[in-house]
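Q: Please take a close look at one part of this structure and set it in the context of the whole chain. A connected account is preferred to a list.

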Amino acid sequence: MAQDGNGQCYPLAWGIVDFENEDAWTWFLTQLKEIIGDTDELALISNRAPSIKKAISTVFEKAHYGACAWHVAQNTKNKFKCVDIMGSYWSAVNAYRCEEFVRYMIEISNRYPRVAEYLENEVGFEKWSRCHYPGLRYNITTTNMVESLNSMLVNTRDFPYVALLDVIQEKMSKWWNDRRIVAMAITTPLTPSRESELRPRFAQSNGRHTSQLNPITYHVKGGELEGVVDIFNKTCTCKEFDIDKLPCVHAVAAAHHAQVSVYSLVSPYYTKEYYVLAYGETIYPVRSQSQWDVSNEDKKRGRPKTSRFPSVGEFRKRKNRCGKCGAYGHYKKKCNSQNGSTEGNPPTNVPV
């Protein structure tokens, strides 16, 4: 799952495997690598499942790996019972500058020293903190888009494979067509979401004092934070420009002073042109089964498990098991069975 220039879910590949384990993830990521390649500009964010993490390190040598900040939060809360510092945690996650990040981490450390140590040493700041991430993560801090796609298919996961794939194909075909229509109708240089994010910064840049330091560098004063902008390398000391690849208010002021188009400083991924290209292809339905070339290779009977394994930080409710009769759904004290106590050895007629 990726994100398009308008901030929407952009599925790259689908796969059906027997089990969710390291071998399956290695196979899937190997196929994915054939499509997108391997580069240090690639960011791979997961829920910290060991099988995914190991498969990523095996397949992608150049890409940067990151952890879903939501799953890190869930695991931290379950491990240390520290719900009251989650506000500081999320502020640290979204901090653009390291000095800002340190301030929130001090708040966490003062109340829960072990939490601060866990986040730094066991998880690693570079895995969940925006300002410490070594690659290009843009605005993606969680795997929420994947969960949204999972919820969209929740009622069809038990379908036979062919029916499930038909549902996926129909949904993707509709997405591509609907978004292609929207993209073609755009009258602004950027996608709607990025245009609405950038536009207010034009007004916010008014009244800022801008001075030129050299042919490409400008010092912008005013507001809560000053900024030194490099319009050639597209950076600013506030770090918002560097990370989001969208001009911050300082960069907008510098562009106006330099008489440079603000839109020339925006990442091309946010432009209408790239948005149109993203949905330029048509997703066609699969041919009818009568036209398939079917392999004679024997396959395992039955359908594999459809429920995914819980990731790090996720806990699923376990059914209560009676210590008297061995059945599930109640405790020994509330057991109505006439059988004698069989603690540790459930009756043979009760499946274990």
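The request concerns one helix and its surroundings: which elements do the buried residues of α11 pack against?

A: The model is predicted, and what follows should be read with that in mind. The protein chain holds 12 helices and eight strands. Of its 352 residues, 38% count as buried. Among contacts with a separation of 6 or more, 57% are between residues 24 or more positions apart. The chain exposes about 21200 Å², of which carbon and sulfur atoms supply 52%.

Helix α11 spans residues 249–258, and because seven of its 10 residues are buried, the helix is largely enclosed by the rest of the structure. The buried residues are V249, H250, A251, V252, A253, A254 and A255. Their packing partners are two helices, α9 (192–204) and α10 (240–244), together with the strands β5 (209–214), β6 (217–221), β7 (227–230) and β8 (235–236).

Those four strands form an open sheet in the order β5-β6-β7-β8, with antiparallel pairing. β5 and β8 are its edge strands, each pairing on one side only. Helix α11 packs on this sheet and touches β5, β6, β7 and β8; the direction of the helix makes about 120 degrees with that of β6. Within the sheet, β6 and β7 run antiparallel and are joined by four bridges. One residue pair that can be located there is Y218 with its bridge partner V229 in β7.

Just after α11, the backbone at Q259 takes a positive phi of about 55 degrees, although this residue is not a glycine. Most residues other than glycine have a negative phi. Q259 lies in the loop between α11 and α12 (272–278). With a relative accessible area of 75%, above the 50% limit, Q259 counts as exposed. The buried residues of the helix are thus followed in sequence by an exposed residue in the loop. Elsewhere in the chain, Y138 also has a positive phi, near 55 degrees, in a residue other than glycine; Y138 is placed in the loop between α6 (113–128) and α7 (144–152).

The two helices that pack against α11 can be taken next. In α9, the side chains of R201 and E197 meet in a salt bridge, 3.6 Å from N to O. The two residues are four apart in that helix, about one turn. An α-helix has 3.6 residues a turn, so residues three or four places apart point the same way. R201 counts as buried because its relative accessibility is 12%, under the 20% limit, whereas E197, at 30%, counts as partly exposed. At α10, the side chain of D242 meets that of K239 in a salt bridge of 4.0 Å, N to O. Here D242 is buried, with a relative accessible area of 17%, and K239 is partly exposed at 36%.

These pairs belong to a count of 11 salt bridges. Another of them joins D4 and R179 at 4.0 Å, N to O. D4 lies in the loop between β1 (2–3) and β2 (9–10) and R179 in helix α8 (residues 161–185), so the pair ties together parts that are 175 residues apart in sequence. Both D4 and R179 are buried. R97, E99 and E100 are linked in a network of salt bridges.

For comparison with the antiparallel sheet under α11, there is also a parallel pairing: β3 (residues 43–46) and β4 (residues 64–67) are joined by four bridges. S46 of β3 stands opposite A67 in β4. In β3, L44 and S46 make up a covered face, and A43 and I45 an uncovered one. In a regular strand the side chains alternate between the two faces of the sheet.

On the surface, L12, I35 and I36 make a nonpolar patch of about 240 Å². I36 is found in helix α1 (residues 22–36) and counts as partly exposed at 31% relative accessibility.

To return to the request: α11 is largely enclosed, packs on the sheet of β5, β6, β7 and β8, and has α9 and α10 among the other elements its buried residues pack against.

Terms used: Residues numbered from 1 in each chain as written. Predicted model: local features only at pLDDT ≥ 70, side-chain atom pairs only at ≥ 80, totals over all residues. Heavy atoms only, no water. Patch = residues over 30% accessible without salt bridge, like charges linked within 9 Å, V, L, I, M, F, W, Y side chains within 5 Å. Areas by Shrake-Rupley, 256 points an atom, 1.4 Å probe, with all protein chains shown as cover. Buried < 20%, exposed > 50% of the residue type's maximum accessible area, 1.4 Å probe, protein only. Contact = heavy atoms within 4.5 Å. Pairing = 2+ DSSP bridges. Axes fitted to C-alpha atoms, helices over the stretch in contact; angles between N-to-C directions.
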